[in-house]
Amino acid sequence: MNIKSLLLGSAAALAVVSGAQAADAIVAAEPEPVEYVRVCDAYGTGYFYIPGTETCLKINGYIRFQVNFGEDVGGDSDWDAKTRGQVQFTAKSDTEYGPLTGVIVMQFNADNATDQEAKLDSAYLDVAGFRAGLFYSWWDDGLSGETDDIGSVVTLHNSIRYQYETSDFYAGISVDELEDGVYQGTFDDVTGDFTADDGPNNVGVAFGVGGKAGAFSYQVTGGWDVDNEDGAIRAMGTVDIGPGTLGLAGVYSSGPNSYYSSAEWAVAAEYAIKATDKLKITPGVQYYGNYFGGGKDVPEDFDGLGDAWKVGLTVDYQIVDNFYAKASVQYLDPQDSDDSTTGYFRLQRSF
């Protein structure tokens, strides 16, 4: 009996060991560790580390619905609806020269289901104050309302610039490619045809200086259009007064050029009233001396042109966080042509 019991016990032990080995053969391997997205707080809110790298990325943008109105603004119609979607990718990483920044902005515009465009709105790199790529110049800046007309016809250029800046001051210089800027020439009084003086060499040099001191902020911007051999200079300032912010600006152009071509000179003023935490009301006014009106085909000088004035009102209302409405109406009265009323209503959701 003892030998029989021993044999039965050995057989049972062997069966258990064999079963255990068979079970081990079909057990699934443990999953590889996963690197989850980490928040990057070194450059402000909204950044996260690209997995597997030390580069921080931020994605933001907006969706906009807008209805424009004005004479023939929609072809044969006096109103036209448009929709825009814009997304921006900003990448930052530390280097021995400071943060290395790369920005890509894609914009998608739709006038209707078939009339649409996708375009690169900005793409540039930035490190140690140097910036190179496609980006907006200082001439794209303006007062906070919609009445002022003190910028360039085209403000997005392929450029190289250097800008020194602190928390309260900046100064910089840029070299801009102006191949889509304005061209001086002559207009035929009978046919209205335009003849450019010569082909453009597409170069401009601009500078910007600005900053703030307490409730006061300022900016001085200048530019020289090498091809047209003319330039412009502009000064702006804002100061908090009472329930709002007063803004003043003035611009002078030696002749129509890619930096300013609307008039020989102009002055503008606005007062942005913060009526409530969510409501801002901004009336504005501008006066033009020797008004041309912009466009890319311009005369050789401003001689013989009449003056013009403009008045407008812009209302901004924040419905909820990151969602607001804007309405604007502008009246323009040129001495040499008919007056006009234009404006728009906009809804925009930012993220």
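User: Which residue does Asp-111 meet in a salt bridge through its side chain?

Analyst: Good place to start! Keep in mind that this is a predicted model. Here the side chains of the two partners come together at 3.6 Å, N to O, and a salt bridge needs a side-chain nitrogen within 4 Å of a carboxyl oxygen. The partner of Asp-111 is Lys-82.

User: How many residues apart are Asp-111 and Lys-82?

Analyst: The salt bridge between Asp-111 and Lys-82 links distant parts of the chain. Asp-111 sits in the loop between strand S4 (100-110) and strand S5 (116-127), while Lys-82 belongs to strand S3. Along the sequence, the two are 29 residues apart.

User: Which residues are linked with Lys-82 in a network of salt bridges?

Analyst: Let's follow Lys-82 to its partners. Its side chain meets that of Asp-80 at 3.5 Å, N to O, and that of Asp-111 at 3.6 Å. So the network around Lys-82 holds Asp-80 and Asp-111.

User: Is Asp-80 buried or exposed?

Analyst: We can compare a value with a cut-off here. Buried means under 20% relative accessible area. Asp-80 has 13%, so this residue is buried.

User: And what is the relative accessible area of Lys-82?

Analyst: Lys-82 counts as partly exposed because its value lies between the cut-offs of 20% and 50%. Its network partner Asp-111 is partly exposed too, at 25%. For Lys-82 the relative accessible area is 37%.

User: Which residue does Lys-326 meet in a salt bridge?

Analyst: This contact is 2.6 Å, N to O. It links strand S19 (residues 323-334), which holds Lys-326, with strand S18, and the partners are 10 residues apart. Both residues are buried. The partner of Lys-326 is Asp-316.

User: How many salt bridges does a search of the whole structure find?

Analyst: We have already met some of them, including the pair Asp-80 and Lys-82 and the pair Lys-326 and Asp-316. For the whole structure, the search gives a total of 5.

User: Which residues gather in a patch of negative charge on the surface?

Analyst: Let's look at two members before listing the patch. Glu-71, in strand S2 (residues 56-74), is exposed because its relative accessible area is 68%. Asp-78, in strand S3 (residues 77-93), is partly exposed at 43%. The patch is made of Glu-71, Asp-72, Asp-76, Asp-78, Asp-338 and Asp-339.

User: How far apart in space are Asp-78 and Asn-68, C-alpha to C-alpha?

Analyst: Asp-78 is one of the residues in the negative patch. In sequence, Asp-78 and Asn-68 are 10 residues apart. In space, their C-alpha atoms are separated by 8.3 Å.

User: Which residue in S6 stands opposite Tyr-124?

Analyst: S5 and strand S6 (residues 130-136) run antiparallel and are joined by 5 bridges. They form a hairpin with 2 residues between them, and Ala-128 in the turn has a positive phi of about 55°. Across from Tyr-124 we find Gly-133.

User: What is the bridge partner of Ala-132 in S7?

Analyst: S6 also pairs with strand S7 (residues 156-165), in the antiparallel sense and over 7 bridges. On the S7 side, the bridge partner of Ala-132 is Ile-160.

User: How many bridges pair S16 with strand S18?

Analyst: Strand S16 (residues 279-291) is joined to strand S15 (residues 263-274) by 9 bridges, and a hairpin of 4 residues connects those two. S16 also pairs with S18 in the antiparallel sense, where Val-285 stands opposite Val-311. The number of bridges between S16 and S18 is 10.

Notes:
Residues are numbered from 1 along each chain as its sequence is written. This is a predicted model: local features need pLDDT of at least 70, side-chain atom pairs count only at pLDDT 80 or more; totals for chains, interfaces and linings use all residues. Side-chain values use heavy atoms; hydrogens and water are left out. Patches are made of residues with over 30% relative accessible area and no salt bridge: like charges are joined within 9 Å, nonpolar side chains (Val, Leu, Ile, Met, Phe, Trp, Tyr) within 5 Å. Accessible areas come from the Shrake-Rupley method with a 1.4 Å probe; for residues, only the protein chains shown count as cover. Lys and Arg count as positive and Asp and Glu as negative; His and the chain ends are not counted. The place of a charge is taken as NZ of Lys, CZ of Arg, CG of Asp or CD of Glu. Buried means under 20% relative accessible area, exposed over 50%, partly exposed in between (1.4 Å probe, protein chains only). Two strands pair if DSSP finds at least two bridges between them.
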